[in-house]
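Got the viewer open? Let's take a short walk through this structure, one selection at a time.

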Amino acid sequence: MAGLVNCTACLRRAVAAPLWQRSFTQASGAVKRIKTMIPEQQDTSSKGAVDAATATELIRNAVGNLSSEPDEKQLKQMQRNVRKQLQYMNDPWKIAKEVERMLEKDRYREALMLVEAISIYAGYVVSWNHLIDYQFKAGKGKAAVKLFNDMKKRGQHPNAQTYTILFNGFAHSNHPKLAVGEAFKHYNLLLQDRRLQPNATHMNALLFVCSKAGDIDSMFHVINTANDKARSPNAFTYTIILNALRHHALTGADDLAPAQKTANIATAVGRAKAIWSEVISGWTNGKTQIDEALVCAMGRILLQSPDKKDKLSVLDLIQQTMNIPNFTAKADKADLIRRFEPVKRKTLDDTALQSFEKPAAVARAASHKGLFATPTQNTLSLILKTAATLNLTTAGLSYWHHIVDTLSVAPDTDCYLRLLGMLKVGRASSQAASFMPIIPRGDLNPRMYKIAMEACIRDNINDHVVPNARSILTSMLERLPTPDIHTLRLYLHTALVSHARFRNKVAKNTELKDEAKRDYALQITAAIDGLWEPYRALYNKYFKNLPSTAAVPGKILYNEQREVIALARAMFSAYNKVVSENMLSAEELAPLKPVGARINREIQAFYSIPDENADGDLPSFEAGRGKRGKNSEKSKTTPLILHQGGDFIWDTGKATLEPENHKEREHGHRHEQRFESNREGGREFRRSDEHSGRRPHRGARRHEDRINDSDNHRPNRQQGGQRFNDRRHQRDSYRQQQE
């Protein structure tokens, strides 16, 4: 008999009738009979008696440490622990709490044994839900589904929470495409169940499963099951759909042709507008509550549109749903309605077409609070991204002050990064310099200083850009424990490219060229002097104080050393420019010569070491020995990302001035490269004609031969640029016709 009750299957058959056919009094009697069938394990070796609580805890700890199948002794310990829990069989809540506590300690086997022992009676669905959820979180989807089926076989009827756990588990599966089919199977069974009907939570969970798998068609099949009662779409439903449309349009877009990518985005934006019209219709009628997540999901999908009007309508969208003023120029209302005109369908109300025309009237008609969505950091981030995309720096700053100061929204790290990115696009170096000292230290990181310094490079025609860059550098040295090397290089480059006022002085009066050269040189030398102390601190940290960085892997340490040497090379190059172009007198250059010589020695010491094992431990450079990586010549330091004239450094040794603005510089300074690269462009264009099987366009015929002829009769710069632009226009027109 003892061997019989050791089997859990025999233990389940010990009672003949299920709980729904018995009273709790009869169930208690069954518990007593089960307790008498399980043999007591008494400790006769110890003279002192151990209290029941201590013994139970010891048994649980022993069972919790099991990592494989339990042996006979451990199985008896589990049975003893389960026997103690059977006294609470009449209280499903206590059993569920005990199962939850066991699972928190990863004692799954013991919890499963307890739940299976009591499942001869109904009413313990919550305990089974805990087990199923535990299996899904452990990444065991098949085991969770098997447990769900075993639960039904034991007479435990799943409730609404069971299916919610099931669908959420499918959404986080490692195989989302396979999970879609399994989730649909259970959802269809749930639709046919008379006892339990799926609600909006189940529908949203299944939508999330389809969204994770990128199955848009299945997602819209789920939407067709919505109704006006239990499965009425809510804000979370529309948020899932809009995010899925955006991700589906952008997934794999880099591998697609530009025309196909644009068509996919246009389709997604069109579907989103149709869905949004239904949202506005339900919102104006009081059936749908709009939240921030839904508004931002719609705004981000509009930002992907190639149409500038759709991007600009993001600000109108925020004005309508959050009652935030539009700080840009007010658009025409009729044009605003046309932007969001949905697809004509019978189910749409005409009020949806006027949704963007009268948000204030809707607000006055509302008799309850909370009609408008509440903006937080997510909204601020969306607005700043929109302003950066459309180059609306002034409007973006107005939005920032309104949301942060008036609405008391505390910005996070992402908001500060997007703010600096917007200022970088707008070449607002003064504003970037003013924001850096007030950013909280908890949100501060080196990337912010890098973006702010890039804003200075883009704003290089500003007479105050160098003081702004110096202010940013001072803030970084005071607030960061270790200065960012890339930002230091960008600061030096700012001093090199900020020469517009010096060239303008020479353009007005050529006699002032020597004075302008000297002022330009003093600006460069002042930047070198400002970088000397940070450079020495970085060099000592990564070259001399190696014991303090012993925990850093050799490859990472080598990369940091290479960045320090890149800064040294930039400083020496700037110093060499001042010397070679005779920008300063010998007396003014005397203090700089020891600095330049020391930097040059350190550069030579780094590159004179044989390179063999940069991936391993880096040897000491002070000993004069060491090895660097085999592929160190192929390794390059982090390149400077420059934009719109940021790579133009004034060569004061030339007799003539360079072009004034960056557009002329692009045409003149880079014309030679463009003219030479046009050869490959001609070949590519001719290959496209051969691939299509059509006769080449007359403007593209013998394109390469015409370029070769132009080498013999080299035109001047202006004529060559005009011919190149004409050929490029012909090629682009032909490609548009082909598309």
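## A guided tour

Start by selecting Val 145, Phe 148 and Met 151 in α9, then add Thr 162, Tyr 163, Leu 166 and Phe 170 in α10: these are the residues where the two helices meet. Sorted by class, this contact of α9 with α10 has six nonpolar residues, one polar residue and no charged ones. Keep in mind as you look around that this is a predicted model.

Now show both helices in full: α9 covers residues 141-153 and α10 covers residues 160-171. They pack at an angle of about 160°, and their axes are 11 Å apart. Because angles over 145 degrees count as roughly antiparallel, α9 is roughly antiparallel to α10. Turn the view to look at how they cross: the crossing of α9 and α10 is left-handed.

Next stop, cysteines. Select Cys 210: is this residue buried or exposed? Cys 210 is buried, with a relative accessible area of 1%. Then jump to Cys 415, which also counts as buried, at 0% relative accessibility. If you're hunting for disulfides, the count comes to zero.

Last stop: go to helix α28, residues 513-544, and pick out Arg 536. How buried is Arg 536, in relative accessible area? The value is 8%, and Arg 536 counts as buried because the cut-off is under 20%. Which residues does Arg 536 touch, leaving out those up to four places away in sequence? Add Lys 544, Arg 598 and Glu 602 to your selection, and you have them on screen.

How values were computed: Residues are numbered from 1 along each chain as its sequence is written. This is a predicted model: local features need pLDDT of at least 70, side-chain atom pairs count only at pLDDT 80 or more; totals for chains, interfaces and linings use all residues. Side-chain values use heavy atoms; hydrogens and water are left out. Axes are lines fitted to C-alpha atoms, for helices over the stretch in contact, and angles run from 0 to 180 degrees between N-to-C directions. Helices (H or I, at least four residues) and strands (E, at least two) are DSSP runs, numbered from the N terminus. Angles under 35 degrees count as roughly parallel, over 145 as roughly antiparallel, 65 to 115 as roughly perpendicular and the rest as oblique. A crossing is left-handed if the near helix is turned anticlockwise from the far one by less than a right angle, and right-handed if clockwise. Contact means heavy atoms within 4.5 Å. Ala, Val, Leu, Ile, Met, Phe, Trp, Tyr, Cys and Pro count as nonpolar, Asp, Glu, Lys and Arg as charged, and the others, Gly among them, as polar. A disulfide is a pair of cysteine sulfur atoms within 2.5 Å. Buried means under 20% relative accessible area, exposed over 50%, partly exposed in between (1.4 Å probe, protein chains only).
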